[in-house]
Amino acid sequence: MYLVTGANVGIGYEAAAQLARQNATVVLACRDATRGGNAAASIRDAVPAAHVETLALDLASLASVRAAAAEFKGQHDRLDGLINNGGVMIPPYGTTVEGVELQMGVNHVGHFLLTNLLLDTLTASAPSRVVIVASRAHEMGQLDAADVRLHTPPSDYGMGAAAYGRSKLANILHARELARRLAGTGVTAVSLHPGTVATGAFGRLPAVGTTASHPPFTPPITH
Amino acid sequence: MRSPQWLGAVIKAAGPLVGVKTPWEGAQTTLQAVLGDEVPANAGAYYSDCRPATSLNPQATDDGLAAAVWAATERLIAASPSA
């Protein structure tokens, strides 16, 4: 049982499709229910035996994060992997429902709460994983331990690249602190840089390949 | 905000030459992190190209900063109206 945020396009979609191909149940957590449904249908087209579900999740609203976690836990008592993949990159300035700059709010804060709310299920399902999709762009981010400013006001936003970098730095540090706190529980947390990827921002995505059912370098599901 | 179609075509053509990955290629590090047997031995690591990265921004390996960001995030959530 895997939950993937932002699973309707790009890396999240491809990861979800591959997990479905390997016979896992996958929950596609997406902001837009129509797009989430379309992604689920697309995976079922490519993998007829796929166990794919959708979950409404708007990471820019902590109330939505709480509702999504409650809905997931109401339907499932197992979670082998939480994949915090969803995010926004250098959008025009905006804030979450709670007033936090959108990139930090969605990429880090919403995922932080989601992860905390699902930790008991992850722990009960151990060995399990929390995988946080960060980016090399974290190198553009600066955070000060003596004065951690998660919110960026409009006057400091510019094009948003520094705020994006800060959100990705927060992602990496989240995985690091989570791993420290989860030592001995069997829940493993890591972050990653997926590479520079041409995502949905660049037009139509290729369909899920139906021939390469087991890409040579995708590990088998063993837990 | 979508980019124009021609830009997508340029990136599709030039991408492999400059290291741009397709979404499927981009998903491989995520899949390794989710499924790889070696991952528990690398808890807390930052993966790149399907293995733990060795060169990192020093801030990204600062345990004091990691703890401070965790605490600040908890405070922010606790102070939020919907919390």
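Which loop of chain A holds A:Pro127? A:Pro127 sits in the loop between α4 and β5 of chain A, and the views below start there. This is a predicted model, in which local features need pLDDT of at least 70 and side-chain atom pairs count only at pLDDT 80 or more, while totals for chains, interfaces and linings use all residues. Residues are numbered from 1 along each chain as its sequence is written, with chains lettered from A and ligands numbered from 1 in the order in which they are written.

**View 1. A cis peptide bond leads into A:Pro127.** The bond in question runs from A:Ala126 to A:Pro127, and its omega is near 5°. Helices (H or I, at least four residues) and strands (E, at least two) are DSSP runs, numbered from the N terminus.

**View 2. An open sheet of 8 strands takes in strands of chain A and chain B.** Follow the order β3(A)-β2(A)-β1(A)-β4(A)-β5(A)-β6(A)-β2(B)-β3(B), where the pairing is mixed. β3 (51–56) of chain A and β3 of chain B stand at the edges with a single partner strand each, so one side of each has no neighbour in the sheet. Two strands count as paired if DSSP finds at least two bridges between them. As a reminder, strands of a sheet pair through backbone hydrogen bonds, either parallel or antiparallel.

**View 3. β2(A) pairs with β3(A) and with β1(A).** Strand β2 (residues 25–30) of chain A and β3(A) run parallel over 6 bridges; here A:Thr25 has A:His51 as its bridge partner. β1(A) and β2(A) are also parallel, over 4 bridges, and A:Leu3 is partnered by A:Val27. Strand β1 (residues 2–5) of chain A is covered on both faces, with A:Tyr2 and A:Val4 buried on one side and A:Leu3 and A:Thr5 buried on the other. A residue is buried if 20 or more other C-beta atoms lie within 10 Å of its own, exposed if 12 or fewer, and partly exposed in between, with C-beta atoms placed from the backbone. In a regular strand the side chains alternate between the two faces of the sheet.

**View 4. A:Ile43 is a buried residue of helix α2 in chain A.** This helix spans residues 33–46. A:Ile43 counts as buried because it has 25 C-beta neighbours inside 10 Å. Look for A:Ser61 too: A:Ile43 and A:Ser61 are 18 residues apart in sequence and 27 Å apart in space, C-alpha to C-alpha.

**View 5. Chain A and chain B meet across a contact with 58 residues from chain A and 56 residues from chain B.** Residues are in contact if their C-beta atoms, placed from the backbone, lie within 7 Å. On the chain A side, α5(A) gives the most, with 9 residues. That side has 36 nonpolar, 15 polar and 7 charged residues. In this count, Ala, Val, Leu, Ile, Met, Phe, Trp, Tyr, Cys and Pro are nonpolar, Asp, Glu, Lys and Arg are charged, and the others, Gly among them, are polar. Strands join across the chains as well: 3 bridges link β6(A) to strand β2 (residues 46–48) of chain B, and these two run parallel. One of the residues to find is A:Ser191, whose bridge partner in β2(B) is B:Tyr46.

**View 6. Helix α2 of chain B is mostly covered and has a kink.** Chain B has 3 helices and 3 strands, which run α-β-α-β-β-α from the N terminus on. Its helix α2 (residues 23–35) has 13 residues and reaches 18 Å from its first C-alpha to its last, close to the 18 Å expected at 1.5 Å a residue; the expected span is 1.5 Å times one less than the number of residues. The kink is about 30° and is centred on B:Thr29, where the bend is the angle between axes fitted to the seven residues ending there and the seven starting there. In α2(B), 12 of the 13 residues are buried, including B:Trp24, B:Leu31 and B:Val34. Of the 83 residues of chain B, 33% count as buried.

**View 7. B:Asp49 and B:Cys50 have positive phi values without being glycines.** Phi is about 50° for B:Asp49 and near 70° for B:Cys50. B:Asp49 lies in the loop between β2 and β3 (51–52) of chain B, and B:Cys50 is in the loop between these strands too. B:Asp49 counts as partly exposed because it has 14 C-beta neighbours inside 10 Å, and B:Cys50 counts as partly exposed with 17.

**View 8. Residues 200–216 of chain A have a pLDDT below 50.** pLDDT is the predictor's confidence in each residue, from 0 to 100. Chain A averages 91, and 88% of the residues score at least 70. Beyond near neighbours in sequence, the stretch 200–216 has 21 contacts in the model. Where pLDDT is low, the predicted coordinates should not be read in detail.

Note on methods. Two residues are in contact if their C-beta atoms, placed from the backbone, lie within 7 Å.
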